[in-house]
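Me: I should like to go through this model by question and answer, with the reasoning set out at each step. Please begin once the structure is shown.

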Amino acid sequence: MGKYLLKPLAAFARFSHQHRCLCTTTLTAEFTDLCSKGHLKEAFANFSSLIWSEPPLCSLLLKACIQIQSLFLTKQIHSLITTSGCSRDKFVNNHLLNTYCKLGRVSTAVALFETLPKKNVMSYNILIGGFIQSGDLDSAMKLFDEMVERNLATWNAMITGLTQFEFNKEGLSMFSSMHELGFLPDAFTLGSVLRGCAGLKDLNRGRQVHSYAVKSGFDLHLVVGSSLAHMYMKSGSLGEGEKVIRSMPVHSVVACNTFIAGMAQNGYSEVVLDQYNIMKIAGFRPDKITFVSVISSCSELATLGQGQQIHAEVIKFGALSVISVISSLVSMYSRCGCLDDALKVFEEKEGADVVLWSAMIAAYGFHGRGKEAIELFNRMEKEGLEANEVTFLSLLYACSHCGLKDKGLELFDLMMDKYRLQPKVEHYTCVVDLLGRSGRLEEAEWLIRSMPVKADAIIWKTLLSACKTHKNADMAKRIAEQVLRINPHDSASYVLLSNIQASARRWQDVSEVRKAMRERNVKKEPGTSWFELKNQVHQFIMGDKSHPQSEEIDAYLKDLMEELKLKGYVPDTGSVLHDMDAEEKEYNLVHHSEKLAIAFALMNTVEGVPIRIMKNLRVCGDCHIAIKYISSMKKREIIVRDASRFHHFKDGHCSCGDYW
């Protein structure tokens with residue numbers, strides 16, 4: 001009889017156990033779902049008994065704390081872990097440690113780490129990650145050195161941290177040490193190492209890593225493939241980068257962004273816009289990284305129409321809250337000559353950071369609005385934001401382009417004394433420009449020779465330009481030697497020196513400069529201007545007859561110049577090569593690229609519409625005078641962006657006040 005009773009009892013026991021397991025599984029699933037949605041209070045209230053019986057479930061609550069960024073709830077769960085007796089569980093402690101690190105409470109994480117009864121490799125890795133996240137590489141390295149046991153994740157964390165903060169040589173050195181100790185890199189390691197190679201522009205090391213990736217089969221991995229393409233493009237090998245992307249079996253937004261960013265950084269702005277359209281046709285959704293590269297390319301091309309279209313797409317895809325995108329839009333509108341639109345984008349953003357403020361200050365400076373740039377800086381200081389090197393560079397640039405010498409020198413002192421920022425050669429260049437434009441040439445030269453940073457060709461060229469302004473031919477010859485010692489093939493310096501000597505009627509010196517150009521095979525960069533009409537960019541170069549309306553433009557220009565002469569315009573042939581006759585000199589001036597572009601614009605746009613021209617070189621004196629006459633006679637605002645700044649011509653006047 002007994003044996004017959006035992007069978008049902010055993011079956012019932014099995015059923016009860018299965019039922020309890022099923023109930024627990026169901027409850028755990030419900031609890032997990034609430035945690036994943038961030039409903040921590042509801043999860044704790046409804047399942048407190050389950051948590052007490054299964055303390056490791058606290059890890060789910062901690063993950064949710066990271067998701068909703070709640071330090072308050074993290075501390076409550078920490079208390080629960082302590083009172084439940086679960087504080088000796090390595091799994092739970094590591095989750096708690098990770099939560100404090102992810103919430104930026106590294107000091108709390110350190111205190112917890114020091115009290116842990118049991119630590120493993122994961123505990124060390126988490127704290128190393130926390131140090132790196134907070135930018136404390138020294139503490140991360142110290143902890144790394146203390147570790148008796150390390151795994152691949154440990155090495156990955158350190159290599160990533162070093163390359164992330166641009167300690168690229170140290171990152172590659174650590175990769176070599178890791179390899180020597182027998183650790184085999186994974187896709188994550190290779191991605192970080194390739195970013196280090198890109199930062200150093202080290203093609204040889206990059207190609208070695210590429211070879212390893214191919215042998216180990218990681219070259220087809222999405223992260224490795226994108227990092228390889230980025231490395232090649234950052235190092236200037238665009239063909240190899242494009243080849244890597246084309247060979248990837250699966251494309252993604254990351255791969256598209258890598259290609260677009262690489263092309264943008266290397267100046268292939270038109271390719272960037274083409275690839276952006278191809279990316280959208282392929283069904284990929286652009287993100288903030290895409291938009292920054294594409295908007296920057298519109299800035300370079302000064303294609304306002306396309307920039308406005310992309311602005312609309314930024315709004316459509318919900319990227320208008322991203323500071324880097326907004327800063328790019330401010331720069332784009334500014335560089336397309338639309339300062340008011342740049343200001344509107346800036347003012348509409350709440351909670352702007354120093355990057356955005358600096359972008360708007362730079363926009364004011366680029367348009368010769370130095371006083372507004374300084375006022376904006378004062379507003380920025382009142383907001384409690386701390387200016388950085390870029391902010392001061394923008395301010396100094398604004399001052400140098402508006403003749404605000406005293407204010408510029410005051411800001412230079414403020415940068416060093418109050419903000420404790422060490423000026424770079426770019427800051428000194430602005431100060432040299434300030435001094436040079438105001439006629440203090442010897443003081444400017446002394447500053448270059450005594451500054452603690454190494455002078456480059458640009459700072460000497462800045463002083464050379466000031467020599468031209470103040471017609472100091474003797475100093476110009478000496479300064480030009482400095483420029484050409486650094487860059488013997490800099491055509492602009494030869495031309496500038498030749499013009500200075502021509503203005504001083506030193507024809508023998510002019511001949512020597514031109515002879516040196518021939519001997520060194522230095523070619524003068526041709527002046528090129530661009531004008532956008534109905535989203536199509538038209539390019540103009542003096543002597544180039546390839547434009548479909550070339551003959552009509554020539555005829556229009558001839559009539560236009562005759563009209564200008566009746567209004568008082570006299571061609572300024574002073575800087576044209578002296579071995580031309582008067583007629584040749586005038587023909588040369590009439591056909592400068594900006595005049596060709598303006599003639600085309602006048603012929604093809606409606607009366608009253610502003611004309612925006614972009615030019616690769618500085619506007620010459622004759623063109624500056626002629627455009628003032630044209631703006632008055634045709635009642636048009638003509639906005640010219642040259643290599644240095646913006647000129648807003650209106651009613652016979654220029655925004656630069658003839659100070660350029």
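Me: Is Ala 302 buried or exposed, and what is its relative accessible area?
Reply: This is a predicted model. Ala 302 lies in the loop between α18 (288-301) and α19 (304-316). A residue counts as buried under 20% relative accessible area. Ala 302 is therefore buried, with a relative accessible area of 19%.

Me: What is the phi of Ala 302?
Reply: Most residues other than glycine have a negative phi. Ala 302 is not a glycine, although its phi is positive, at about 55°.

Me: Is Lys 635 buried or exposed, and what is its relative accessible area?
Reply: Lys 635 is another residue other than glycine with a positive phi, near 50°. Its place is in the loop between α35 and β4. The term exposed applies over 50% relative accessible area, so Lys 635 is exposed, with a value of 67%.

Me: Which strands stand at the edges of the sheet?
Reply: The open sheet has 6 strands with mixed pairing, in the order β2-β1-β3-β4-β5-β6. Two of these strands have a single partner strand each, so one side of each is left without a neighbour in the sheet. They are β2 (536-541) and β6 (653-654).

Me: Which residue of β2 is the bridge partner of Phe 531?
Reply: Strand β1 covers residues 528-533 and pairs with β2 in the antiparallel sense, over 6 bridges. Within β2, the bridge partner of Phe 531 is His 538.

Me: What angle does the direction of helix α35 make with that of β5?
Reply: Helix α35 (residues 621-633) packs on the sheet, where it touches β4 (638-641), β5 (646-650) and β6. Its direction makes an angle with that of β5 of about 40°.

Me: How wide an arc do the buried residues of α11 cover around the axis?
Reply: Helix α11 (residues 168-180) has 13 residues and reaches 19 Å from its first C-alpha to its last, close to the expected 18 Å. Its buried residues are Asn 168, Gly 171, Leu 172, Met 174, Phe 175 and Met 178. They are on the same side of α11, because the arc they cover is only 155°.

Me: Which exposed residues does the opposite face of α11 carry?
Reply: The buried residues of α11 are covered by elements including α9 (137-146), α10 (152-164), α12 (187-200) and α13 (203-216). The face turned away from that buried side carries the exposed residues Lys 169 and Glu 180.

How values were computed: Residues numbered from 1 in each chain as written. Predicted model: local features only at pLDDT ≥ 70, side-chain atom pairs only at ≥ 80, totals over all residues. Heavy atoms only, no water. Pairing = 2+ DSSP bridges. Helix = DSSP H or I, 4+ residues; strand = E, 2+ residues; numbered from the N terminus. Contact = heavy atoms within 4.5 Å. Axes fitted to C-alpha atoms, helices over the stretch in contact; angles between N-to-C directions. Expected span 1.5 Å × (residues − 1). Buried < 20%, exposed > 50% of the residue type's maximum accessible area, 1.4 Å probe, protein only. Arc of directions from axis to C-beta.
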